[in-house]
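The following exercises introduce a reader to a protein structure step by step. Each task is followed by a worked solution.

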Amino acid sequence: MKTLGEFIIEKQSEFPHATGELTALISAIKLGAKVINRDINKAGLIDILGENGSANIQGEKQMKLDVFANETLKNALEARGVVAGIASEEENNLVIFGKDRATEGKYVVLMDPLDGSSNIDVNVSVGTIFSIYHRITKIGSPISEQDFLQPGYKQVAAGYIIYGSSTMLVYTTGCGVHAFTYDPSLGVFCLSHENVRFPKQATTYSINEGYYSKFPTGVKKYIKYCQENDDKTHRPYTSRYIGSLVSDFHRNLLKGGIYIYPNTAQYPKGKIRLLYEANPMAFLAEQAGGKATNGYQRILDIEPEQLHQRTPFFVGMKSMVDDADRFMAEYKD
Ligand code: AHM
Ligand code: MG
């Protein structure tokens, strides 16, 4: 049995100039995940279910657990002293950590503390998503928004925690994707899936088909393609949609599939947030041999303009995303 801590230290020793700061950062996320996991598991028993009575910057209702997860991770990250600041789905503006740390910390973290939180009240899996960059501003000067508005290909590390039938932490630092399953009796994440790769055979498409009439023509045509009979390509594919990006992505990563959230009438620019949802998932997908686009362009190449910017999102097995992109190119609205 190898723990996440042991695994990271082992990998770190492969980099002669590693200082241990990224290790400290990931271990802060690991600690935050344990606390969130503990509270999600007893969510039905204590008064932390339901809405918080507040809204985030995009006017979406915050759940009590959204706010709790945000505070937990924020505190864990600040305490390590290696992070200069964070951006979060639950924070209107970037958060700069204590005056000294803002000048010293080498990294910035972007996160969705609890993605899919509308599912919590009905006991469906949710997740935490994180994305880590080196700051651009000089260490010693104050951090600014430009530290956060970096294209996804510059990510140093990214990952998610899925709070499901078991809790898992899945991450990449650009050397493959590794997954660790939480053993609650020991309080440790144990390496369970080293070097995860998407399977070769397409199986599943995940999209909220309720919005079918609002989809771009390319997506409508692609869905019809998924539903056709063709033995050679193993169609029709299965449809699975949890409505929790982390869970849908995780299943597709292990079983093979594609997740799509295109632009719709309600979300003309798509719903998924580029910086702390799409970019980290895109980094993981590529590291697992998959692909992520906005239907036309590689997600990791998009130059961000705003902290909470949204994007249409197509992510999963390379062959499936290639097919979907082909339909998008062929049927432009
Ligand atoms: P959230 O960050 O507010 O939870 O929104 C993101 C979530 C994704 O996890 C999920 O795939 C999608 O929203 C579901 O949206 P919809 O209910 O429109 O299908
Ligand atoms: Mg989210």
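The model is predicted. The exercises begin with a single residue and then proceed to the ligands and the two sheets.

**Exercise 1. Describe the surroundings of aspartate 248.**

Solution.

Step 1. Neighbours within four places in sequence are set aside; the remaining contacts of aspartate 248 are Ser206, Arg240, Tyr241, Ile242, Gly243 and Tyr259.

Step 2. One of these contacts can be specified further. A polar atom of the aspartate 248 side chain is 3.1 Å from the backbone nitrogen of glycine 243.

Step 3. Buried means under 20% relative accessible area. Aspartate 248 has a relative accessibility of 0%, and it therefore counts as buried.

Step 4. The residue is part of helix α6. This helix, residues 245–255, lies across β5, β6, β7, β8 and β10, and it runs at about 100 degrees to β7.

**Exercise 2. Determine which residues supply the protein donors of the magnesium ion (ligand 2), and how they are placed in the chain.**

Solution.

Step 1. The donors come from Glu89 (OE), Asp112 (OD), Asp115 (OD) and Glu277 (OE), at 1.8 to 2.5 Å from the ion.

Step 2. Along the sequence, the spacing of these donor residues is E-x22-D-x2-D-x161-E.

Step 3. Glutamate 89 belongs to the loop between β3 (83–88) and β4, whereas aspartate 115 belongs to strand β5; the pair therefore ties together parts that are 26 residues apart in sequence.

Step 4. The accessibility of these two residues follows. The relative accessible area of glutamate 89 is 7%, so this residue is buried. Aspartate 115, at 8% relative accessibility, is also counted as buried.

**Exercise 3. Identify the residues that come nearest to ligand 1, and list polar contacts of this ligand.**

Solution.

Step 1. There are 17 residues around ligand 1, and those that come nearest are Asp115, Tyr241, Leu245, Tyr259 and Tyr261.

Step 2. The side chain of aspartate 115 has an N or O atom 2.6 Å from an oxygen atom of the ligand. For the side chain of asparagine 208, the corresponding distance to an oxygen atom of ligand 1 is 2.8 Å. For the side chain of glutamate 89, the distance is 3.0 Å.

Step 3. These results can be set beside Exercise 2: glutamate 89 and aspartate 115 are donors of the magnesium ion, and their side chains also have polar contacts with ligand 1.

**Exercise 4. Trace the sheet of 8 strands, and state which strands stand at its edges.**

Solution.

Step 1. The strand order of this open sheet is β4-β3-β5-β6-β7-β8-β9-β10, and the pairing is mixed.

Step 2. β4 (95–96) and β10 (188–193) pair on one side only and are the edge strands.

Step 3. Strands β6 (residues 126–134) and β7 (residues 157–163) are antiparallel and are joined by 7 bridges. Glycine 127 has isoleucine 162 in β7 as its bridge partner.

Step 4. Antiparallel pairing also links β8 to β9 through 5 bridges, with leucine 169 opposite phenylalanine 180. The hairpin of these strands has 4 residues between them, and glycine 174 there takes a positive phi near 95 degrees.

Step 5. β9 and β10 are joined by 5 bridges in the antiparallel sense, and aspartate 183 stands opposite valine 188. Their hairpin likewise has 4 residues between the strands, and glycine 187 takes a positive phi near 75 degrees.

Step 6. Of the 7 residues of β9, 5 are buried, so this strand is largely enclosed by the rest of the structure. Helix α1 (residues 4–12) lies across β8, β9 and β10, at about 10 degrees to β8.

**Exercise 5. Explain why one side of β12 and of β15 is left without a neighbour in the sheet.**

Solution.

Step 1. The open sheet in question has 5 strands in the order β12-β11-β13-β17-β15, with mixed pairing.

Step 2. β12 (238–239) and β15 (290–293) are at the edges and each has a single partner strand; therefore one side of each lacks a neighbour in the sheet.

Step 3. β15 pairs with strand β17 (residues 313–317) in the antiparallel sense over 4 bridges. Within this pairing, alanine 292 has valine 315 as its bridge partner.

Step 4. Two helices complete the description. Helix α5 (residues 217–227) lies across β11, β13 and β17, at about 150 degrees to β11. Helix α7 (residues 274–287) lies across β15 and β17 and runs at about 25 degrees to β17.

Conventions: Residues numbered from 1 in each chain as written. Chains lettered and ligands numbered in written order. Predicted model: local features only at pLDDT ≥ 70, side-chain atom pairs only at ≥ 80, totals over all residues. Heavy atoms only, no water. Pairing = 2+ DSSP bridges. Contact = heavy atoms within 4.5 Å. Axes fitted to C-alpha atoms, helices over the stretch in contact; angles between N-to-C directions. Buried < 20%, exposed > 50% of the residue type's maximum accessible area, 1.4 Å probe, protein only. Polar contact = N/O pair within 3.5 Å; in protein donor to acceptor, adjacent residues only side chain to side chain. Donors = N, O, S within 2.8 Å, 3.2 Å for Na, K, Ca; no water. Near = heavy atom within 4 Å.
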